[in-house]
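Please look at how the strands of this chain are arranged, and then at the aromatic rings that meet among them.

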Amino acid sequence: MENTSYIALSRQMALWRQMSVVANNMANVNTPGFKREEVMFADHLLPATTGSGDRHDLAFVEDRATFRDTSAGPMRRTDNPLDVALNGEGYFVVETAEGMRYTRAGHFRLDETGMLMSKSGHPVMQPGDIPIIFAPNETEITINRDGTVATENGIIGRLRVVEFENEQALRKTGDGLYTAADQPLDLPRPDVVQGMLEQSNVEPVLETTRMIEVMRSFEAVQKILEQEHERRGKAIDVLSGTQT
């Protein structure tokens, strides 16, 4: 009699997890470079024996993993020379206190020393993991499609753009940054677009539809649990009445 409740509760826990992921997608619909996520579920089968001795499997719902939709988001023109977007594969490299991190968000700025920084205040790296620094009198900033950074005084560096054999292995650390256990590979031919920002690849209408579907599924499972509770109550009443 407990199996129905346990299976229903496993489904509700999975739906709760799915709702959390969908809500996070919705919250980041305007976050540059954000990649939507989905939850991967699977049946967890346990063998069981009925009262007649027949064997059958109980199918519980198992939350296996969360995977990231790595498709590119739409680009928005800003005409800010320090805004850059990646057309296609790749990640920019920034240096944090915890080590190198990787991001698709190319909303950069200059600090008081002329160093190129991410929006969160992390130095943006070039090959060799060296920061990019502008002289005080340099104002005409050009970033070419290959990531080369130049001013009126000539080339001063190149944005480091990397790729990974398995992007799903990247782990989020906040502020649009990722960390990786594997070593990154320098992208030989990046396509960097100046004056543009990659937007989130979340589609609000689709995420709203998913949220409604999850809510309806949760309510349906809740109804099953309530019906099972009533059934068990009636069964106890009948059995106790028979024994008296």
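The report below turns to the sheets and then to the aromatic pairs.

This is a predicted model, in which local features need pLDDT of at least 70 and side-chain atom pairs count only at pLDDT 80 or more, while totals for chains, interfaces and linings use all residues. Residues are numbered from 1 along each chain as its sequence is written, and side-chain values use heavy atoms, with hydrogens and water left out.

Six strands (DSSP runs of E, at least two residues, numbered from the N terminus) form an open sheet in the order S15-S16-S6-S5-S14-S17, with antiparallel pairing. Its edge strands, S15 (171-174) and S17 (185-186), each pair on one side only; two strands count as paired if DSSP finds at least two bridges between them. Within this sheet, S5 (residues 91-96) and S6 (residues 99-103) are joined by five bridges, and Phe92 stands opposite Thr103 in S6. Another open sheet, also antiparallel, has the order S11-S12-S13.

There are four aromatic pairs (rings of Phe, Tyr or Trp, its six-membered ring, with centres within 6.5 Å; planes under 30 degrees apart are stacked, over 60 edge-to-face, the rest tilted). Two of them are listed here.

| Pair | Centre to centre | Angle of planes |
|---|---|---|
| Tyr91 and Tyr178 | 6.0 Å | 75° |
| Phe92 and Phe108 | 5.3 Å | 75° |

Tyr91 in S5 and Tyr178 in S16 (residues 177-179) are 87 residues apart. Tyr91 is buried (under 20% relative accessible area, against over 50% for exposed and in between for partly exposed, with a 1.4 Å probe and protein chains only) at 4%, and Tyr178 is buried at 5%. Phe92 and Phe108 are buried as well.

Notes. Helices (H or I, at least four residues) and strands (E, at least two) are DSSP runs, numbered from the N terminus.
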